[in-house]
Amino acid sequence: MSLDNKTSTEQRRPDRAALAIAAVLAAIAAVIFLDVSRLKEMAGYSQVGPATVPNWIAFALIGLAIWTVVEAFRGDFPEREKQEFGPVIWIVAGLAAQMLLLTTAGFSIATGILFALTAAGFGKRKLWITIPVGILLCLVIWLIFAGLLQLSLPAGPLEHLFL
Amino acid sequence: MTTFEFLLQGLLAAAQPLNLLYALIGVTLGTAVGVLPGIGPALTVALLLPVTYRLDPTGSLIMFAGIYYGGMYGGSTTSILLNTPGESASIVTALEGNKMARAGRGGPALATAAIGSFVAGLIATLLLAFIAPYIVKLALVFGPREYFALMVLAFVTVSSAFGDSTLRGLTSLFIGLAFSVVGIDQLTGQNRLSFGIPDLLDGIEVTTMAVAMFAIGETLFIAAQGDKGPDKVEAVRGSIWMSAQDWARSWKAWLRGTLIGFPIGAMPAGGAEIGTFLSYATEKRLTKHPEEFGNGAIEGVAGPEAANNASAAGTLVPLLTLGLPTTATAAIMLAGFQQYGLQPGPLLFATNPQLVWGLIASLLIANLMLLVLNLPLVGLWVKLLTIPKPWLYAGILLFATLGTIGANPSVFELGMLLTFGLLGYAMRIFGYPIAPVVVGLILGPLAEQQLRRSLAISQGDVTTLVQSPIAAGLLLLAALALIIPLILRARGRGEVLSQMAASED
């Protein structure tokens, strides 16, 4: 990341993304405060209990959120490179598909689809080739890791052919 | 027993066929991930944690250390031939090494990197063996508050001393710390931040976090850069052997690099990157051929490569003797120890000398294996660089999710993987460093325990933390490491620090 500060006049507006980050940090702090508040009475005679450290962390996060707001207004955040979201959507879709299919379709089919969609994100869009290749590859990996190394990888219809 | 006898015993343990095999697997995998851009030793060790769960602890720890060393060797190959560092500690190597490769001197560049890594690895591992017992003795007088101070120092140096922003480094660290308090509190058994979800009671799995941050975040980030056309891999032309003049110019640089790299790795001062930059600057100042710097000076490859391997060995000093990780890879290796119920530190040297010394001795053997793997077989590794990106990253995600599913085959775990992956991607867009999150997650619970123990001893009096001279000194150092870079950056001298960014993967 470059250190160049934005100089043109329209950039004097506060950095919205940085403000959003500050809001997220403050939100995390709020969640911590809320959750550990029910532990307050647990502190022993030394006044340090399970709530102490989370509270300190939450205070620090609030401090960092304020600092982020200051930097957002001063335009101290680095310039972002342009992101292409098409490929990101392909890959996220692949990960989501794997997550949803894992228990029903088994490791090979779910992960094979992840494999194909990731390759699609990087430009290989011929899914009718990449999905079968991916599933086959994952089946081989499943046989090695679940068979030889006894890793517990979920089995589906394909894997049951070998069980 | 003396250190020497322990080391001999360790060598006997390390020379057992099975341990040799683990070391070989480790260094081979390590070289491969070091060569491949986008994945590094930290991610690889994280992926292997669930796979090695059922193996013997000594063997898998030998393998992890082999991966760490191998990653340092492999990274130089990518830097020299592709001008894209395979891992962050090889950034400087790319400066001179790639110029040498373009001038048809890729062979000697690879050779000086590999032999320099070997010399540095050898000396630094021996230093590790001879220094460790003294630090163990020192560590025995450490109480909870000294450990806490030491961890604070590590937190500061990993997150904010280097890199381009104190704010973003600290933010990353505290995000990691916030995640580290999720789950059942170890001292009282209370639920914290688990929101009634059973999967969260055990806390956030280190494997899931590391894999998501390093593999998925990085893949999304690379994919979002769009297609920039294939990178140009320089072919290795001519002899890979170094001429007499190359040797004469390299050996001093190797030794200087080792002497710079080892202490920097051994102090809780962040990654191997810093040593490589210092070594490069030193070589540039001392060289008799200043005109060659920037156009392919062999010293500029020899010194930094020696420094980065020496730092890797140095990092193992605080990890083994104090249980204190100072890089992302070391932090994940600590998680590897914990998975076997082992806590690195002075006690481990007393209760399990076989394991510790076997591990140290195996590093000497691994180092020799790496020299063989990287000099005659360098052509093989170069082929890895020609794997097209779609298959490379599809494969990385395949193995990344395999590791997570192997640790815990649940939909919830994969959901966390995706969420943290998106977090890692967002952090990369905005220039937040990744390593502090992982270090915070792993070291956070240990720091909390030590803090609460020392506060319990003092009955809640916070000033106890600065009442011991050692603890006060360490905290003062941590404060300086936080404040000095802030001042430097405010005065516009931050470029040096941002170049040293510990963007370890």
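**Exercise 1. Count the helices and strands of chain A, then give their order.**

Solution. Work on the predicted model.
Step 1: chain A has five helices and zero strands.
Step 2: read from the N terminus, the order of its elements is α-α-α-α-α.

**Exercise 2. Describe how chain A is divided and how its residues are packed.**

Solution.
Step 1: the domain assignment gives domain 1 (9-74) and domain 2 (85-160) in chain A.
Step 2: take the C-alpha centres of domain 1 and domain 2 of chain A; they are 38 Å apart.
Step 3: of the 163 residues in chain A, 39% are buried.
Step 4: look at contacts in chain A between residues at least 6 apart in sequence; 60% of these join residues at least 24 apart.

**Exercise 3. Judge the confidence of the model for chain A.**

Solution.
Step 1: the mean pLDDT of chain A is 82.
Step 2: 87% of the residues of chain A reach 70 or more.
Step 3: now turn to residues 1-11 of chain A, where pLDDT stays under 50. For this stretch the model has 17 contacts beyond four places in sequence.

**Exercise 4. Analyse the contact between chain A and chain B.**

Solution.
Step 1: chain A brings 61 residues to the contact, and chain B brings 51 residues.
Step 2: on the side of chain A that touches chain B, the elements giving two or more residues are α1 (16-36), α2 (52-74), α3 (85-121) and α4 (127-148) of chain A.
Step 3: α3(A) gives the most to this side, with 18 residues.
Step 4: sort the residues of this side of chain A by type. They comprise 42 nonpolar, 14 polar and five charged.

**Exercise 5. Test whether chain B has the radius of gyration of a compact globule.**

Solution.
Step 1: chain B has 21 helices and two strands.
Step 2: the box that its C-alpha atoms fill is roughly 70 × 55 × 50 Å, along the principal axes.
Step 3: for 505 residues, a compact globule would have a radius of gyration near 23 Å. Chain B has 22 Å, which agrees.
Step 4: buried residues make up 63% of chain B.
Step 5: take the contacts in chain B with a separation of 6 or more; 81% of them are between residues 24 or more positions apart.

**Exercise 6. Explain why helix α3 of chain B counts as largely enclosed, and find what covers it.**

Solution.
Step 1: helix α3(B) spans residues 41-51, and ten of its eleven residues are buried. It is therefore largely enclosed by the rest of the structure.
Step 2: among the buried residues are Pro41(B), Leu43(B), Val45(B) and Pro50(B).
Step 3: the cover over the buried residues of α3(B) includes α2 (17-35), α4 (57-82), α9 (206-224), α13 (328-339) and α17 (389-407) of chain B.

**Exercise 7. Check the length of helix α11 of chain B.**

Solution.
Step 1: helix α11 (residues 273-286) of chain B has 14 residues.
Step 2: at 1.5 Å a residue, the helix should span 20 Å.
Step 3: its end C-alpha atoms are 20 Å apart, which agrees.
Step 4: the buried residues of α11(B) include Glu273(B), Phe277(B), Tyr280(B) and Glu283(B).

**Exercise 8. Decide whether Val152(B) is buried or exposed, and place it in the chain.**

Solution.
Step 1: Val152(B) lies in helix α7 (residues 144-161) of chain B.
Step 2: 23 other C-beta atoms lie within 10 Å of Val152(B). The cut-off for buried is 20 or more, so Val152(B) is buried.
Step 3: beyond its neighbours within four places in sequence, Val152(B) is in contact with Leu475(B) and Ala478(B).
Step 4: Lys252(B) is 100 residues from Val152(B) in sequence, and 36 Å away in space, C-alpha to C-alpha.

Methods: Residues are numbered from 1 along each chain as its sequence is written. Chains are lettered from A and ligands numbered from 1 in the order in which they are written. This is a predicted model: local features need pLDDT of at least 70, side-chain atom pairs count only at pLDDT 80 or more; totals for chains, interfaces and linings use all residues. Two residues are in contact if their C-beta atoms, placed from the backbone, lie within 7 Å. Helices (H or I, at least four residues) and strands (E, at least two) are DSSP runs, numbered from the N terminus. Ala, Val, Leu, Ile, Met, Phe, Trp, Tyr, Cys and Pro count as nonpolar, Asp, Glu, Lys and Arg as charged, and the others, Gly among them, as polar. Domain bounds come from an automatic or database domain assignment. A residue is buried if 20 or more other C-beta atoms lie within 10 Å of its own, exposed if 12 or fewer, and partly exposed in between; C-beta atoms are placed from the backbone. The expected span of a helix is 1.5 Å times one less than its number of residues. The radius of gyration is taken over C-alpha atoms; the globule rule is 2.2 Å times the number of residues to the power 0.38. pLDDT is the predictor's confidence in each residue, from 0 to 100.
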